[in-house]
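Thanks for coming, everyone. I'll put the model up and walk you through it.

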Number of protein chains: 2
Amino acid sequence: MAAAAPPPPPTPAPTPPTGLPQSDSTAPFGHTLFSRIRLATPADVPHIHKLIHQMAVFEKLTHICSATESDLSSTLFNSPPFQSFTVFLLEISHSPFFNPPPSSGSGFAPIDRIVNLDLPLVDPEAESFKSSSSGPENDVVVAGFVLFFPNYSTFLAKPGFYVEDLFVRECYRRKGFGRMLLSAVAAQAVKLGYGRVEWVVLDWNVNAIKFYEEMGAKVLPEWRICRLTGPQLEAYRDAM
Amino acid sequence: MAAAAPPPPPTPAPTPPTGLPQSDSTAPFGHTLFSRIRLATPADVPHIHKLIHQMAVFEKLTHICSATESDLSSTLFNSPPFQSFTVFLLEISHSPFFNPPPSSGSGFAPIDRIVNLDLPLVDPEAESFKSSSSGPENDVVVAGFVLFFPNYSTFLAKPGFYVEDLFVRECYRRKGFGRMLLSAVAAQAVKLGYGRVEWVVLDWNVNAIKFYEEMGAKVLPEWRICRLTGPQLEAYRDAM
């Protein structure tokens, strides 16, 4: 599905609800979070699958979400990063990232950022989203992802990137991570000399539209998506 | 740019305007046209470039069309067909296609169709659109193209095809060729086990919308395209 709505600019994090598991309190820097954007690898498929399912719940579209781990494994990671379907993962740790990320062989240098919060953050799903890159020195969780791939503008005669999905888990929202993920895709597009980054948004999602416009994007009001799928697509099996 | 509007279902061809060059009258089958859809090769770039320019004129968007032959040559044909940006060309001849198409090494079998017209067809640009596949037995012209590439649905965990452009030269419109080109993409998607074929249309282009719906597509009313380009994209060069 299309890009999930990142929230409007950061607001103070709410007080952790009573009864939820508390976050790892070994963090030596108070309410500091260490974040990293890295390329996903096949070892991350279980987390990517769970994130996609959470996104479907968020969009109330679970009835059209049929992705399995096996489907993802067989369709992602078949081409070098950026040349086809590519996933950036957002990782969060309470301590600095000493361990290198899993190698994707791409030469893409992970992007590290330190985020200071007003209040401690509780991740009730920290255990089930423990990252494959977790090491002895830190406890790394997967907090979100962006899936993108090349598209093409004939008028520019240049590739661009199309962002199919942008998702941050609920407890990490309103902290600038959605902006970080989208900025990472935009920065990579500039680095490759590409002409555009595009994605879609629901017309009623005014917070998301405001956020995207603040990031420099223009919303194109006149274009509509046409989709041929299911039995209507299947009907073309013997059409030619 | 996005898919140019194919016209509504066929209507009788207009009488050829006086003063225009007449078409090759050696056709042995009266008003019969032989059409073929084949993969484009680098030798077709000059024609693809001219078609893109005609499309920009049709869409009144020449001011944002900066594609050069050199840009096209360096950005297309870098991956095997269907794995990245792919172009199907529509070729027309007044006699049957005996000569094989230029090899693209893809194993894609060209699609041949015979089209019977009520009136003779005049192609005033036949000379400048003479195909690289023209042989001694026939005079082949390039009449249109479709440019498409893989996209991805996370909910299906399957690739699809996105159709960036669909264009048929003016004198070949209203004869079913737009449908042929789009059907060829849909048939290839089914063959590869893909989940969707998608493209965009201008909301005021009611003829095109009607045509696409007749082909089985659904128009998604709520989604809007967001585009980050030009200086706004360039601003992300040092963002990360």
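**Surface, fold and symmetry**

Let's start with the surface. Chain A exposes about 10200 Å², and 57% of that comes from carbon and sulfur atoms. Keep in mind that this is a predicted model.

Now burial. Chain A has 240 residues, and 54% of them count as buried.

Next, the fold. There are five helices and eight strands in chain A. Follow the sequence and the order reads β-α-α-β-β-β-β-α-β-α-β-β-α. What about contacts along the chain? Take those in chain A with a separation of 6 or more: 78% of them link residues 24 or more positions apart.

How are the two chains related? Chain A superposes on chain B by a rotation of 180 degrees, with 0.0 Å of shift along the axis and an RMSD of 0.0 Å. That is the relation of a two-fold axis. Both copies use the same surface: 100% of the contact residues of chain A recur in chain B.

**How far to trust it**

A word on confidence. For the complex, the predictor gives an ipTM of 0.85 and a pTM of 0.87. The average pLDDT of chain A is 87, and 85% of the residues score at least 70.

Where does pLDDT stay under 50 in chain A? That is residues 7–29. The model has 33 contacts beyond four places in sequence for this stretch. Where pLDDT is low, the predicted coordinates should not be read in detail. Please treat that stretch accordingly.

**The core**

On to the interior. The largest nonpolar core has 60 residues. Which of them touch the most other members? They are A:F145 and B:F145.

Look at A:F145 in chain A. Leave out residues up to four places away in sequence. A:F145 then touches A:L51, A:I52 and A:M55. A:F145 also touches A:V87, A:F88 and A:L89. The list is completed by A:D165, A:L166, A:F167 and A:L181.

**A buried arginine**

Now please find A:R38. This residue lies in strand β1 of chain A, residues 32–39. Is A:R38 buried or exposed? A:R38 has a relative accessible area of 1%, so with the buried cut-off at under 20%, A:R38 counts as buried.

What does the side chain of A:R38 pair with? One polar contact, of 2.7 Å, joins it to the side chain of A:E91. Another, of 3.3 Å, joins it to the side chain of A:S131.

The wider surroundings of A:R38, again beyond four places in sequence, include A:D44, A:P101, A:P102, A:F108 and A:P110. A:S132 and A:S133 are also among the residues A:R38 touches. So are A:V87, A:F88 and A:L89, and A:F145 touches those three as well.

**Two backbone oddities**

Last topic: positive phi at residues that are not glycine. The first example is A:A157, with a phi of about 50 degrees. A:A157 is found in the loop between β4 (140–153) and β5 (158–168) of chain A. A:A157 is buried, at 2% relative accessible area.

The second example is in chain B. B:F82 has a positive phi of about 80 degrees, and B:F82 is not a glycine either. Where does B:F82 sit? In the loop between α2 (69–75) and β2 (86–93) of chain B. B:F82 also counts as buried, at 9% relative accessibility.

That's my tour. Over to you for comments.

Terms used
Residues are numbered from 1 along each chain as its sequence is written. Chains are lettered from A and ligands numbered from 1 in the order in which they are written. Side-chain values use heavy atoms; hydrogens and water are left out. A nonpolar core is a set of buried Ala, Val, Leu, Ile, Met, Phe, Trp, Tyr and Cys residues joined through side-chain atoms within 4.5 Å. Buried means under 20% relative accessible area, exposed over 50%, partly exposed in between (1.4 Å probe, protein chains only). Contact means heavy atoms within 4.5 Å. Copies are superposed by least squares on the C-alpha atoms of residues with pLDDT of at least 70 in both. Helices (H or I, at least four residues) and strands (E, at least two) are DSSP runs, numbered from the N terminus. Accessible areas come from the Shrake-Rupley method with a 1.4 Å probe; for residues, only the protein chains shown count as cover. A polar contact is a pair of N or O atoms within 3.5 Å; within protein, one must be able to donate a hydrogen and the other to accept it, and residues adjacent in sequence count only if both atoms are side-chain atoms. pLDDT is the predictor's confidence in each residue, from 0 to 100.
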